[in-house]
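Me: I'd like a close look at one part of this model, the salt bridges and the pieces of chain they tie together. Could you walk me through that, and then through whatever surrounds it?

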Amino acid sequence: MADTHDGEAENEENGDELIADSVENALNEGAKKKKKKNKKKKGGATPLQGGQVISEKQSADAADDISEKLAANNLHDEEDGDEEKEEEAGGDAAAKKKKKKNKKRNKGAKTASEADVGKPVSGGAVTTATVAREQTNPPTVPITELYPDGNYPTGEIMEHPTPKADDHHGCHGGCQGHDEANSLSAKERITSEEKRAIDRLTQDVYSDFRRAAEAHRTTRKYVNSFIKPGLAMSDICQRIEDSNRRLIQADGLSAGLAFPTGCSINHCAAHYTPNAGDTTVLQYDDVCKIDYGIHVNGRIIDCAWTCAFNPKYDNLLKAVREATYTGIKESGIDVRLCDVGEAIQEVMESYEVELDGKTFQVKPIRNLNGHSIGQYRIHAGKTVPIVKGGEATKMEENEIYAIETFGSTGKGVVHDDMETSHYMKNFDVGHVPLRLLRSKQLLNVINQNFGTLAFCRRWLDRLGQSKYLIALKNLGDMGIVDPYPPLCDAKGCYTAQFEHTIMLRPTCKEIVSKGDDF
């Protein structure tokens with residue numbers, strides 16, 4: 001760049017000529033742009049003198065360069081010129097920055113508005129932004145659409161308890177060194193890098209459980225909003241199952257219902273669901289246990305609660321609910337199953353309930369238990385007692401348990417009664433030759449739709465099966481399908497149930513089915 005002191009007059013003349021040329025060019029360009037405003041431009045090219053073609057951006061940069069040169073030519077001294085150039089350059093930079101910022105802001109607004117309606121943004125690219133959806137009432141939006149990223153809500157997290165000391169060395173629980181070792185093990189689990197690494201390896205499994213649990217919670221909320229005296233039990237079950245199928249997007253054995261909806265009433269504690277033609281109606285003085293399961297890839301959520309409309313049963317429900325949470329609190333890695341049962345019994349028997357002037361101690365139903373859960377296997381082998389004196393078998397890492405307790409104002413023992421509605425294929429059965437063609441056909445239907453998950457006669461009706469009772473009995477006689485009749489205490493008594501599914505993760509214990517209701 002030439003020194004401004006040596007050719008000031010000449011520069012002024014050249015500057016005037018350049019200004020005139022620039023103005024004329026700008027007017028010509030403006031006229032051309034007006035004529036071509038509604039025409040589609042290809043490549044945005046602008047011809048220059050001499051046949052050279054440059055882009056609009058290059059043209060704009062060239063115009064900026066001319067402006068800077070003109071400003072430089074009009075400077076009278078080097079110091080003032082430097083200051084003016086810095087100010088002008090700063091102004092141009094600020095103007096360009098502001099212009100680009102406004103363009104980005106406008107483009108961002110356009111992108112957001114188009115994403116809201118699911119349209120592609122300018123340039124043909126489809127936005128990856130997700131729009132949050134809200135659940136309807138009754139619930140119809142699948143859980144996967146509410147959480148498209150697959151991050152389903154986590155259940156309530158608890159630390160593993162310190163297991164009681166074993167008595168094999170004769171210390172009867174008084175050995176402080178043994179207790180301290182257990183205590184350190186329990187405390188270090190949640191911060192152990194090794195356990196956290198193992199925990200991360202099974203996140204896909206946890207995700208399946210959490211998806212099923214969120215569907216269970218959503219339907220629970222829906223059930224509590226509509227259940228009332230006067231409704232037919234068949235209608236209640238149908239609405240529950242329809243809701244679960246929608247929420248979990250039932251798809252054969254990949255996702256769906258894990259077992260039939262139980263709605264056992266009063267002295268019947270479990271395994272009752274209405275068969276076709278059952279006209280039972282829910283009454284104000286009934287105590288109804290709602291028990292249903294949902295699975296994703298065979299990962300089963302087993303959760304139940306009790307509905308009662310008459311407040312006189314409040315203590316019965318409270319006793320069983322508190323006993324269930326006691327069992328959950330006591331459960332954990334290396335905990336003996338018998339210790340869990342002892343704690344449950346102690347809490348439940350501390351409650352009494354007064355019914356029609358008579359006082360009853362709430363008794364745990366001693367031949368009903370919680371249980372471990374396997375993939376496509378609701379009862380995986382281990383039982384969690386609800387009374388003292390069970391097995392000393394220990395709970396283990398990564399096991400899944402249904403912690404459930406049953407309380408009764410009767411004898412505290414249940415027996416088979418009433419018409420059977422629940423059935424389940426034997427998990428360990430191999431190939432069994434069948435002679436009846438109808439039995440073979442029915443077994444194929446069971447294998448394709450339920451596998452080793454429990455089912456009921458209503459579900460066979462839903463699949464279009466008819467006249468299947470003889471074949472179903474034959475499958476039972478051959479040991480392929482096991483019947484599970486309703487379990488009842490003494491007539492005239494009342495029973496209650498509460499249940500949650502827990503995961504014994506390497507780092508912590510997660511009550512995966514926990515919700516705001518209980």
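Reply: Start with how far apart in sequence the touching residues are: among contacts between residues at least 6 apart, 74% join residues at least 24 apart. Keep in mind that this is a predicted model. The protein has 518 residues, and 43% of them count as buried. Its accessible surface comes to about 28,000 Å², with 49% of that belonging to carbon and sulfur atoms. As for secondary structure, you'll find 13 helices and 20 strands.

Now to the charges. Side chains of opposite charge can pair when their charged atoms come close. In this protein the count comes to 19 salt bridges. Let's begin with Arg 210 and Glu 510, whose side chains meet in a salt bridge at 2.9 Å, N to O. That pair links distant parts of the chain, since Arg 210 sits in helix α7 (residues 203-226) and Glu 510 in strand β20 (residues 509-511), 300 residues apart. Are the two ends buried or exposed? Arg 210 has 8% relative accessibility, so it counts as buried. Glu 510 is at 0%, so it counts as buried too.

Glu 510 has another partner in Arg 505, and here the closest N and O atoms are 2.8 Å apart. Arg 505 has a relative accessible area of 9%, and is therefore buried under the 20% cut-off. Put the pieces together and you get a network of salt bridges that links Asp 199, Arg 210, Arg 505 and Glu 510.

A separate salt bridge to look at is the one between Glu 241 and Arg 458, with the closest N and O atoms 2.9 Å apart. It also links distant parts of the chain: Glu 241 belongs to helix α8 (residues 233-248) and Arg 458 to helix α12 (residues 457-462), 217 residues apart. Both Glu 241 and Arg 458 are buried.

So far we've met α7 through Arg 210 and α8 through Glu 241. How do α7 and α8 sit against one another? Two packed helices are described by the angle between their axes and the distance between the axes. For α7 and α8, the angle is about 145 degrees and the axes are 9 Å apart. The contact draws on Arg 211, Ala 212, Ala 215, Thr 218, Thr 219, Tyr 222, Val 223 and Phe 226 from α7. On the α8 side are Ile 236, Arg 239, Ile 240, Ser 243, Asn 244, Leu 247 and Ile 248. The crossing of α7 past α8 is right-handed.

Next, the strands. Take β15 (residues 422-425), where His 422 and Met 424 point one way and Tyr 423 and Lys 425 the other, and all are buried. β15 is joined to strand β16 (residues 455-456) by two bridges, running antiparallel, and His 422 stands opposite Cys 456 there. β15 also pairs with strand β17 (residues 481-484), again in the antiparallel sense, over four bridges. In that pairing, Tyr 423 stands opposite Pro 483.

There's also an open sheet of three strands, in the order β5-β18-β14, with antiparallel pairing. β5 (268-270) and β14 (415-416) stand at the edges with a single partner strand each, so one side of each is left without a neighbour in the sheet. β14 and β18 (residues 487-488) pair over two bridges, and Asp 416 stands opposite Leu 487.

For a hairpin, go to β8 (residues 352-355) and β9 (residues 358-361), which run antiparallel and are joined by four bridges. Glu 352 stands opposite Gln 361 in that pairing. Two residues lie between the strands, and Asp 356 takes a positive phi near 55 degrees in this hairpin.

One last stop is Glu 399, placed in the loop between β12 (383-384) and β13 (400-408). Glu 399 has 16% relative accessibility, so it counts as buried. Which residues does Glu 399 touch, leaving aside its neighbours within four places in sequence? They are Lys 382, Lys 394, Ile 502, Met 503 and Leu 504.

Notes
Residues are numbered from 1 along each chain as its sequence is written. This is a predicted model: local features need pLDDT of at least 70, side-chain atom pairs count only at pLDDT 80 or more; totals for chains, interfaces and linings use all residues. Side-chain values use heavy atoms; hydrogens and water are left out. Two strands pair if DSSP finds at least two bridges between them. Buried means under 20% relative accessible area, exposed over 50%, partly exposed in between (1.4 Å probe, protein chains only). Contact means heavy atoms within 4.5 Å. Accessible areas come from the Shrake-Rupley method with a 1.4 Å probe; for residues, only the protein chains shown count as cover. A salt bridge is a side-chain nitrogen of Lys or Arg within 4 Å of a carboxyl oxygen of Asp or Glu. Axes are lines fitted to C-alpha atoms, for helices over the stretch in contact, and angles run from 0 to 180 degrees between N-to-C directions. A crossing is left-handed if the near helix is turned anticlockwise from the far one by less than a right angle, and right-handed if clockwise.
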